[in-house]
Amino acid sequence: TNVAVYWGQGPNQHRLRDFCAQTDIDIINLGFINGFPTQGAYPGSNFGNQCDGNVYPGSDLLSGCHQIVDDIPICKQMGKTIMLSIGGAYTTGQITNDAQAKWFADFLWYSFGPVNPAVADQYPRPFGDNVVDGFDFDIEHGGHTGWKTMIKRLHMRFQEQPDKKFYISAAPQCPTPDAQLGDAIASTALDFVWVQFYNNEGCSAKNFVDGTFNFDTWAGIVASNPNPDAKLFIGLPAAPQAANDGYYIDATQVSTIVRWYMAFYPKVFGGIMLWEATYAQKNKDASGRTYYQQMKDILDS
Ligand SMILES: CNC(=O)NC(=N)Nc1ccccc1
């Protein structure tokens with residue numbers, strides 16, 4: 001089972017290589033591509049204090065992410081799975097039709113997927129020759145239009161590159177069905193579904209105590225995904241201030257939940273997702289172990 005963390009939006013965050021050096025982290029979601037483009041335009045991106053602030057002319061797409069360019073090879077050497085995350089809490093633009101969705105998917109593929117000389121004059125390479133391992137959809141508002149079409153389009157592009165496995169993941173919020181991603185999760189093959197079991201009353205991990213934590217519902221949803229190997233992760237705040245008040249739970253509480261659901265759903269249980277890396281790095285226990293180290297200890301216990 002795996003520990004996945006979001007990186008890119010942390011307060012005064014360290015560079016990516018520092019987190020790729022952590023043996024307790026398996027998957028890193030780079031957040032975010034947070035500007036959704038009209039057809040023919042570039043998306044926007046934001047990686048917090050990283051990059052040099054320059055953008056491709058006429059766009060909000062960062063062109064100077066030199067730390068990320070230098071660090072992804074280190075992450076790959078360390079065996080990390082690096083996902084590029086679309087969305088987050090603060091996005092601009094909206095996908096309103098299938099042509100726009102296909103454009104956005106193709107842009108992500110040709111700009112962040114395998115280097116393709118045939119289209120080098122049409123698409124930029126914000127991370128240089130680095131190739132991400134897949135795309136994460138952290139769509140938190142705006143409705144469902146376009147996401148299923150994007151994922152299907154990406155699957156079509158993945159089939160053109162049979163020698164490398166590419167992943168698709170989704171980060172729905174815990175109320176079901178998720179207003180943004182529910183239809184995509186039900187109808188397109190996904191590899192990881194990391195549910196945000198926080199910031200929502202009546203389905204979060206902290207609701208384990210009052211019996212409304214809805215992991216069982218999500219286990220049923222993910223177990224019936226078109227990908228029979230789709231994995232469900234428990235998404236958690238990595239520190240009290242990483243989510244709305246009251247949604248953080250400590251490692252002892254996480255241990256109770258994980259041991260219960262890992263035993264009940266051994267096939268679909270994939271691990272733990274944390275929002276987010278920097279909060280986790282700062283949230284150390286009495287023996288100085290970070291929150292992602294504490295999570296890994298629980299998964300390995
Ligand atoms: C994996 N995505 C998130 O965890 N998003 C997230 N935490 N969004 C958010 C929602 C409300 C306030 C601040 C952030």
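**Entry 1. Helices 7 and 9**

I looked first at how helix 7 passes helix 9, and I recorded a right-handed crossing. By the convention I used, a crossing is right-handed if the near helix is turned clockwise from the far one by less than a right angle, and left-handed if anticlockwise. The model is a predicted one, in which local features need pLDDT of at least 70 and side-chain atom pairs count only at pLDDT 80 or more, while totals for chains, interfaces and linings use all residues. Residues are numbered from 1 along each chain as its sequence is written, and side-chain values use heavy atoms, with hydrogens and water left out.

Helices (H or I, at least four residues) and strands (E, at least two) are DSSP runs, numbered from the N terminus. Helix 7 covers residues 251-264 and helix 9 covers residues 291-300. I noted that they pack at an angle of about 35 degrees, with their axes 9 Å apart. The axes are lines fitted to C-alpha atoms, for helices over the stretch in contact, and angles run from 0 to 180 degrees between N-to-C directions.

I then listed the residues that meet, taking contact as heavy atoms within 4.5 Å. Helix 7 brings Ala-251, Val-254, Ser-255, Val-258 and Met-262, and helix 9 brings Tyr-291, Gln-294, Met-295, Ile-298 and Leu-299. The residues of this contact comprise 8 nonpolar, 2 polar and no charged. In this count Ala, Val, Leu, Ile, Met, Phe, Trp, Tyr, Cys and Pro are nonpolar, Asp, Glu, Lys and Arg are charged, and the others, Gly among them, are polar.

**Entry 2. Helix 3**

I checked the length of helix 3 (residues 98-112) against expectation. Its 15 residues, at 1.5 Å a residue, should span 21 Å, and its end C-alpha atoms are indeed 21 Å apart. The expected span is 1.5 Å times one less than the number of residues.

Next I looked up burial, where buried means under 20% relative accessible area, exposed over 50% and partly exposed in between (1.4 Å probe, protein chains only). In helix 3, 12 of the 15 residues are buried, so the helix is largely enclosed by the rest of the structure. Among them are Trp-103, Phe-104, Asp-106, Phe-107, Trp-109 and Phe-112. The buried residues of helix 3 pack against strand 2 (27-33), strand 3 (81-88), strand 4 (134-139) and helix 4 (147-159). At the start of helix 3, I found a side-chain oxygen of Asn-97 within 3.1 Å of the backbone nitrogen of Ala-99.

**Entry 3. Two buried residues**

I turned to Asp-71, which lies in helix 2 (residues 66-77). Asp-71 has 0% relative accessibility and therefore counts as buried. Leaving aside neighbours within four places in sequence, I found Asp-71 in contact with Arg-15, Leu-16 and Arg-17. Its side chain makes a polar contact with that of Arg-17, at 2.7 Å. A polar contact is a pair of N or O atoms within 3.5 Å; within protein, one must be able to donate a hydrogen and the other to accept it, and residues adjacent in sequence count only if both atoms are side-chain atoms. Between Asp-71 and Cys-20, 51 residues apart in sequence, the C-alpha to C-alpha distance is 8.3 Å.

Phe-215 is in helix 6 (residues 215-223), and its relative accessibility of 0% makes it buried. Not counting residues up to four places away in sequence, Phe-215 touches Phe-197, Leu-232, Ile-234, Tyr-261, Tyr-265 and Phe-269.

**Entry 4. Backbone details**

I recorded a cis peptide bond between Thr-176 and Pro-177, with omega about -10 degrees. Pro-177 sits in the loop between strand 5 (167-170) and helix 5 (182-187). The bond from Trp-275 to Glu-276 is cis, with omega near -10 degrees. Glu-276 belongs to the loop between strand 8 (269-275) and helix 8 (277-282).

I also noted positive phi values in residues other than glycine. Asn-12 has phi near 50 degrees, and at 69% relative accessibility Asn-12 counts as exposed. Cys-51 has phi of about 70 degrees, and at 10% relative accessibility Cys-51 counts as buried.
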